[in-house]
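User: Hi! Could you walk me through this model before I set anything up?

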Amino acid sequence: MLKDITIGQYFPGDSIIHRMDSRFKIVLDILYVVMLFIADNFISLAIAGLFIIMAYGVSGIKPIMMVKSLKPLLPLILFTAVLNLFFVKGTDEPLVQWWIITIYWEGISTAIYMIVRIICLIIGMSLLTYTTSPIVLTDAIERLLSPLKKIKLPVHELAMMMTIALRFIPTLIEETDKIMAAQKARGAELDTGGLMKRAKALVPVLIPLFVSAFKRANELAMAMECRCYRGGDGRTKLRQLKAAPFDYMIFFLMLTVLGFIIVDNMVF
Amino acid sequence: MNAVETKNLTYKYSVGTPFETTAVDDISVAIEQGEFVGVIGHTGSGKSTLIQHLNGLLKQTSGEVFINGRNIWDKDVNIRDIRFEAGLVFQYSEYQLFEETVYKDIAFGPKNMGLSEEETDRCVRKAAKQMGLDEDLLERSPFDLSGGQKRRVALAGVIAMEPKILILDEPAAGLDPAGRDKVLEEISNYHKDSGTTILLVSHSMEDIVKYADKVLVMNKGQLFCYEDVDKVFSMSEKLQEIGLDVPQITKFAMCLREKGIDIGGDIYTVERAKERLLNILKGHN
């Protein structure tokens, strides 16, 4: 049921990847995405793919989790591949020409590159959430965005909102399950009938859910105020993010690989 | 005919993954029509999972469930009919309230049953009265009521379906002592008036002793025993071994016995303890 959602799931562990500074992890992930889209030949994509597979190997996350993170986005991947396959025009003779379908060698290669890129992109992003707890992640985002405070962006508040939202996702899912069961016990039909009927049947679930969500928000706000929370000004952190030599090492490795790929692209 | 019967009921969570756990393990029990059964067990002993099988909210991994003699997962049985027959009230049931008025909320169940306006009206008013809710509360918003009142509205919402079996998961949890007594008192009166079979899940041994005729004890997903109240609480030591509480007065009697004053192993009400103690005191004089 609802409990099976895996987006943003975190698997606690003690691997090098888990212990890495989360700011570096985010920056590395962004660089990795850049790298994926710069890479446009076999060797550079192979390097990118190898890179993420090695990272998974080191992280101790089960390989099955890579597949799981891809599953919901499978239609998107296939759609992109099919589009590229049929619509990319090449300079050589078409390989297949039948009715309105023409397939060029370039179409096939672009489609494959695209698939590899998207797969690497998704499992790369998933590795970040698999190995970083949501709290640490938002903390890192706050630190990375902190220069934007200069232009009066409420960075701390945004990060706090994100932390709270992430914290309450499981709670709300559990609560939805409970309310659904309670209404089913009163004879509500939630999973049969047409679209309109189903939408209407959700009212008895959504209203209690909203009521308790607002109540929870109120209580949380009260509890935070009781502990003198006044936003980010002058607030210190319990867990200081600290970059270790290893973080810099990986960072420079990434830069080197990225540089190599750029050079590689220019040469070939 | 038994009101509720389970045969080798087993339920496993997350089958086929490393997280597979057996929440309910091979339970066979038969509960007769009209009985008031207390269900006790340590947290995580499978009580809540068990009761969700009795109206088909969960489907067992193996085994069978019979409600009033019908196998609830038979092809020709509509599971919704079973839910009207075996009413289930969840823990903190006030969270299920959603309508604009108390009346409409109580009417949700009967309306789902497809009852006519007049029938629904009769059921709603009767259920409200049984749960001690005044007529003038019916037109108020359920969200404006006190915690105890909300709980009773939620209970009335299930009772209005006039189930033959009423299953209650900690109906008094989180209420103040007055609200607690009131809710349990109304349930007990309802039981006496209607002869409905009742299963009451509770952590309070005092409540179980006060209201239930028989007790079903769960331990680690298995049925520990299903016996009369007398028999169950005469095994106080065993209950404590599986991590269950016993009534305070039973603990008191056990302490007395350790000090050499035996007032009997069947003490679980204050009245009986008082009687025995007075007898002993008289004997000394």
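Analyst: Happy to; here is a tour by topic, starting with confidence.

Analyst: Keep in mind that this is a predicted model. Chain A averages a pLDDT of 85, and 97% of its residues score at least 70.

User: Which elements of chain A have the lowest and the highest mean pLDDT?

Analyst: Strand β1 of chain A (residues 96–98) is lowest with a mean of 75, while helix α10 of chain A (residues 203–226) is highest with 93. As a general caution, where pLDDT is low, the predicted coordinates should not be read in detail.

User: Good to know. What's the secondary structure of chain A?

Analyst: Chain A has 11 helices and two strands. Along the sequence, the order is α-α-α-α-α-β-β-α-α-α-α-α-α.

User: And is chain A spread out or compact?

Analyst: Spread out: its radius of gyration is 24 Å, well over the 18 Å from the globule rule for 268 residues, so chain A is more spread out than a compact globule. Along the principal axes, its C-alpha atoms fill a box of roughly 70 × 55 × 40 Å. Buried residues make up 19% of the 268 residues in chain A.

User: How is chain A split into domains?

Analyst: The domain assignment gives domain 1 as 1–132 + 240–268 and domain 2 as 155–235. The C-alpha centres of these two domains of chain A lie 34 Å apart.

User: Same question for chain B: what are the domains there?

Analyst: For chain B the assignment gives domain 1 (2–230) and domain 2 (247–285). Their C-alpha centres are 35 Å apart. Four residues of domain 1 of chain B are in contact with four residues of domain 2 of chain B. On the domain 1 side, helix α7 of chain B (residues 205–211) gives the most, with three residues. By class, that side has two nonpolar, no polar and two charged residues.

User: Let's switch to the interface. How many residues are in contact between the chains?

Analyst: 19 residues of chain B are in contact with 16 residues of chain A. On the chain B side, α2 (79–85), α3 (102–113) and α5 (147–159) each supply at least two residues. The largest share, four residues, comes from α3(B). That side of chain B consists of 11 nonpolar, six polar and two charged residues.

User: Tell me about α3(B), then. Is α3(B) largely enclosed or largely open?

Analyst: Largely enclosed by the rest of the structure, because nine of its 12 residues are buried. Among the buried ones are B:Y103, B:D105, B:I106, B:F108 and B:K111.

User: What covers the buried residues of α3(B)?

Analyst: The cover includes α10 of chain A, together with α4 (117–130) and α5 of chain B. After α3(B) comes B:G114, whose phi is positive, near 85°.

User: Does any of that feed into a hydrophobic core? Which residues have the most contacts inside the largest nonpolar core?

Analyst: The largest nonpolar core has 83 residues, and those with the most contacts inside it are B:V37, B:I106, B:A127, B:A156, B:I167 and B:L168. B:I106 is also one of the buried residues of α3(B). Helix α5(B) brings the largest share of the core, six residues.

User: What does B:V37 touch?

Analyst: Leaving out residues up to four places away in sequence, B:V37 touches B:I31, B:I198, B:L199, B:L200, B:A212, B:K214 and B:L216.

User: And what's in the second core?

Analyst: That separate core has 16 residues, including A:I17, A:M20, A:C120 and A:I261.

Terms used:
Residues numbered from 1 in each chain as written. Chains lettered and ligands numbered in written order. Predicted model: local features only at pLDDT ≥ 70, side-chain atom pairs only at ≥ 80, totals over all residues. Contact = placed C-beta atoms within 7 Å. Nonpolar A, V, L, I, M, F, W, Y, C, P; charged D, E, K, R; others polar. Domains from an automatic or database assignment. pLDDT = per-residue confidence, 0-100. Buried ≥ 20, exposed ≤ 12 C-beta atoms within 10 Å, placed from the backbone. Rg over C-alpha atoms; globule rule 2.2 N^0.38 Å. Core = buried A, V, L, I, M, F, W, Y, C linked by C-beta atoms within 7 Å.
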